[in-house]
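Colleague: I'm new to reading these models. Could you walk me through the words you use for this one?

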Amino acid sequence: MCGIVGYIGSEQAVPILLESLKMLEYRGYDSAGVTVFNGSLETYKIAGMIKDLETVIPQNVTGSTGIGHTRWATHGKPETRNAHPHLSSNVSVVHNGIIENYLELKERLSGLGYEFLSDTDTEVIAHLLHFNMNCNGNKCLLDGLAETVKELEGSYAIAALCAEEPDILAFARKDSPLVIGIGEESNYAASDVTAFLRHTKEVIFINDNEIGLLRPGSIEIFDQGGNRLSRDTETIEWDLEAAEKAGYEHFMLKEIHEQPTSIQNTFAGKLSELEGTVTLDELHLDPAEIKRLRRATIIACGTSWNAGILGKYLFEKLAGLHTDVETASEFRYSNPVLCGEELTIAITQSGETADTLAAVRSSSSYGCRSIAITNVVGSTITREADSVLYTRAGPEIGVAATKTFTAQLIALYMLAINFGRIRGIISANEAKDLIVGIKRLPGQIQKVLGRKEVINECAMQFADKHDYFFIGRYLNYPVALEGALKLKEISYIHAEGYAAGELKHGPLALITEDTPVVAIATKGHTYEKILSNIKEVKARNATVIAVADDDDTEIEKYVDVVLRVPTSHELLAPVLSSVVLQLLSYYTALAKYCSIDKPRNLAKSVTVE
Ligand code: F6R
């Protein structure tokens, strides 16, 4: 969701900015633009894609300082005049986030004679910066920006240029991600590291309320009080290949295929089959504290929330810990009853989801300890939460979460086993069984991937349907929710995920011969129950697609299509069934010629409320 980039160095800025913007395309956008210092500030922008932007930038634009932006419309339609950068005479600004007091600032600046050309909140930043530099004393770009951000309410990551200071790129951050890349005689600024991974892996994550400037060979960072900060650099472990398609038609397909490795990375070095233990030293949790816990609250959005439902079942079964799962956007405006001996677990692959961050801040204000489960090193949640469990799935570029979802499931299994052992709810042998099962999952996922042609055939058979239902019970309920979410977001088919027992309380009215029903029917203590639910929908003429274990010889009698998964530990089957449903969605979207990696209206990282 919106991406900012900046470059200052000795090479031509335009190709670097365009390439960086392309790397951020996955975040979601509808317009794009750049400003380059070419003797003066030259700005090119367009409502459309980066490839459209390339066509409006003249070949002869040179200059080795520039900023760029991909915009995902919030204030004002996706029109060229609303695209960033926004200008005010000699300054140019790109911005991620939302300025909540922009109307008030706009009124004031209009009164001072500033003319607004867009409907955006960002344009006030450009005019306010110009005002602070030129009319409110005579300030340099950095001091002008420091003055400006004092007046902004809301969230921002800003990169700014001034025509009179061509060797400086200024930046500021509050509640919106910003990372600096350190090159040789060149520096980069961006919303995430993928933007400049081709050039450098040495980075500094900018914290909230920090401001600074880049020169070709130096970086200066200051706190709110103007004190210079000394910051260590970090090295990113991902390589560029991980952020490229590697021969796959879509990032989503590549990321689905990466799951045998990505989940292995999630659990690597943490599982002891011999002792039946899961070691999560990075959480720095005191066993006494884990024993005392009375409740956990899982906070998340979308796919991460679906993972959270599985987490609830696991914590309750394996750790005897009462667990609630809250949608972050609701939680932040509710009146939660929380107390100190409770734990908040925020699940967010990006680590930047605005609602999840706000909900964690809210729970911290009650004195709850928080753990973040995230995939992105250095993301905002890692600084908000008390401890972090990284999923280490590698960069996920496709908007639809796939490998980060299964990695979240693995993280939740590990937490639940760890807590369960410490709290004395599960024995070493029970833990061993699960650990052996988790270690088998990469090979079992590989088997599922090997059956993709069968899933493809099934997807093609039903790709023309308008409605789909996904049903499951207990641990297969979140799998059903996630299957439906995946299908609707990338194939635009209306899909509902339901706890199978709920069908007869309303949705059964919608079941006809034209409604495929996907029943997640792996073996477990609710197996007989899901068979009854399958019979219910069959009686209404639905076509039933079952996801079932390899050794289930009974299921074929009741359903129309069976998609098989290797038989696994009952608690672990959701991982395998989820891979089947990811492939089903992928091939359905493929059959419908949908924009799989960048579905309409969606963004990868939802940094606004
Ligand atoms: C769906 C999807 C979204 C995200 C949601 C939360 O495929 O990707 O539903 O799961 O926006 O994002 P994170 O996990 O980054 O907080």
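Modeller: Sure, let's start at the ligand: it has 14 residues around it, and Ser304, Thr348, Ser350, Thr353 and Glu489 come nearest. This is a predicted model, where local features need pLDDT of at least 70 and side-chain atom pairs pLDDT 80 or more, while totals for chains, interfaces and linings use all residues. Numbering runs from 1 along each chain as its sequence is written, and side-chain values use heavy atoms, without hydrogens and water.

Colleague: What makes a residue count as near a molecule?

Modeller: One of its heavy atoms has to lie within 4 Å of the molecule.

Colleague: And why is the pair between Thr353 and the ligand called a polar contact?

Modeller: A polar contact is a pair of N or O atoms within 3.5 Å. A polar side-chain atom of Thr353 lies 2.4 Å from a ligand oxygen atom, so the pair qualifies. Backbone N or O atoms join in too: Ala401 has one 2.9 Å from a ligand oxygen, and Val399 has one at 3.4 Å.

Colleague: How much of the ligand does the protein bury?

Modeller: The protein buries 91% of the 410 Å² that the ligand exposes when taken alone (Shrake-Rupley areas, 1.4 Å probe).

Colleague: What makes a set of residues a nonpolar core?

Modeller: Its members are buried (under 20% relative accessible area, 1.4 Å probe, protein chains only) Ala, Val, Leu, Ile, Met, Phe, Trp, Tyr or Cys residues joined through side-chain atoms within 4.5 Å. The largest one here has 88 residues, with Leu415, Phe419, Tyr468 and Phe470 touching the most other members.

Colleague: How do you know that this core lies between domains?

Modeller: Domain 2 (244-441) and domain 3 (450-609) both give residues to this core, so it lies between them; the bounds come from an automatic or database domain assignment.

Key. Buried means under 20% relative accessible area, exposed over 50%, partly exposed in between (1.4 Å probe, protein chains only). A polar contact is a pair of N or O atoms within 3.5 Å; within protein, one must be able to donate a hydrogen and the other to accept it, and residues adjacent in sequence count only if both atoms are side-chain atoms.
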